[in-house]
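Here are some notes to read alongside the structure. Keep the view open and turn it as you go through the points.

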Amino acid sequence: MTHHRPEPDLLTVAAGWADPGGWPVALRFDPAERWYARLAVSDEHEVWALSWLPGQGTDLHDHGGSSGAFRVVSGALTEETVSAGRLRPRLLPAGTGRRFGPRHVHQVTNQGSAPAVSVHVYRPALLRMTRYHLLDGRLRVAEVAEAGRSW
């Protein structure tokens, strides 16, 4: 009889990477674009660190069929999801996080005045992301980006 280990909770994995002092790369902030670096990869998931200066953020995007979670390590981020044809914001201060499934579409921005840092975990590893525009209350595909490209 084969026993399978339960897959780790992705938000718990993200919390385990919450200390930038333990990262294999040095945290940095880039005024030109959001900084990100892959911290770890395994057969089960991959872990990314992102930094966000005030005003930096993502477009509306999915995660190419991967499930995931992210935890805000410092600062605060605003996650916006589409509901009833509108963007619905949710403020995530340091120490909070969010799990999401393979069909999740969101945009994440630093709308505060202080820099922010977050850790993101994806299962399986990201292969592609689709960017969207919200037009007349409907999501429209803007671009499909393959892994290794600028997210």
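1. Let's begin at valine 47 in this predicted model. Setting aside the neighbours within four places in sequence, valine 47 is in contact with Val13, Trp17, Ala37, Arg38, Leu39, Ala40, Val119, His120 and Val121. If you select these residues together, you will have a good starting view for the next point.

2. Where does valine 47 belong in the wider picture? Val47 is among the residues with the most contacts inside the largest nonpolar core, together with Trp23, Trp35, Leu39, Ala49, Val119 and Val121. That core has 14 residues. At least two of its residues come from each of helix H1 (10–16), strand S1 (35–41), strand S2 (46–52) and strand S9 (116–123). H1 gives the largest share, with 4 residues.

3. There is also a second core, separate from the one above, with 13 residues. Among its members are Trp48, Leu50, Tyr122 and Leu126. Trying a colour for each core is a friendly way to keep them apart on screen.

4. Now step back to the whole chain. The protein has 1 helix and 11 strands, and along the sequence these follow the pattern α-β-β-β-β-β-β-β-β-β-β-β. The radius of gyration is 15 Å, close to the 15 Å that the globule rule gives for 151 residues, so the protein is as compact as a globular protein of that length. Along its principal axes, the C-alpha trace spans about 55 × 40 × 25 Å.

5. How much of the protein is buried? Of the 151 residues, 40% are buried. As for contacts between residues at least 6 apart in sequence, 65% of them join residues at least 24 apart.

6. Next, the outside. The accessible surface comes to about 8,300 Å², and carbon and sulfur atoms account for 50% of that. On the charge side, the protein carries 17 positive and 15 negative side chains. The centres of these two sets lie 5 Å apart.

7. Finally, please look at aspartate 43, in the loop between S1 and S2. Is aspartate 43 buried or exposed? Its relative accessible area is 85%, and the cut-off for exposed is over 50%, so aspartate 43 counts as exposed. Aspartate 43 and arginine 123 are 80 residues apart in sequence, and their C-alpha atoms are 8.9 Å apart in space.

Notes. Residues numbered from 1 in each chain as written. Predicted model: local features only at pLDDT ≥ 70, side-chain atom pairs only at ≥ 80, totals over all residues. Heavy atoms only, no water. Core = buried A, V, L, I, M, F, W, Y, C linked by side-chain atoms within 4.5 Å. Buried < 20%, exposed > 50% of the residue type's maximum accessible area, 1.4 Å probe, protein only. Contact = heavy atoms within 4.5 Å. Rg over C-alpha atoms; globule rule 2.2 N^0.38 Å. Areas by Shrake-Rupley, 256 points an atom, 1.4 Å probe, with all protein chains shown as cover. Lys, Arg positive; Asp, Glu negative; His and termini not counted. Charge placed at Lys NZ, Arg CZ, Asp CG, Glu CD.
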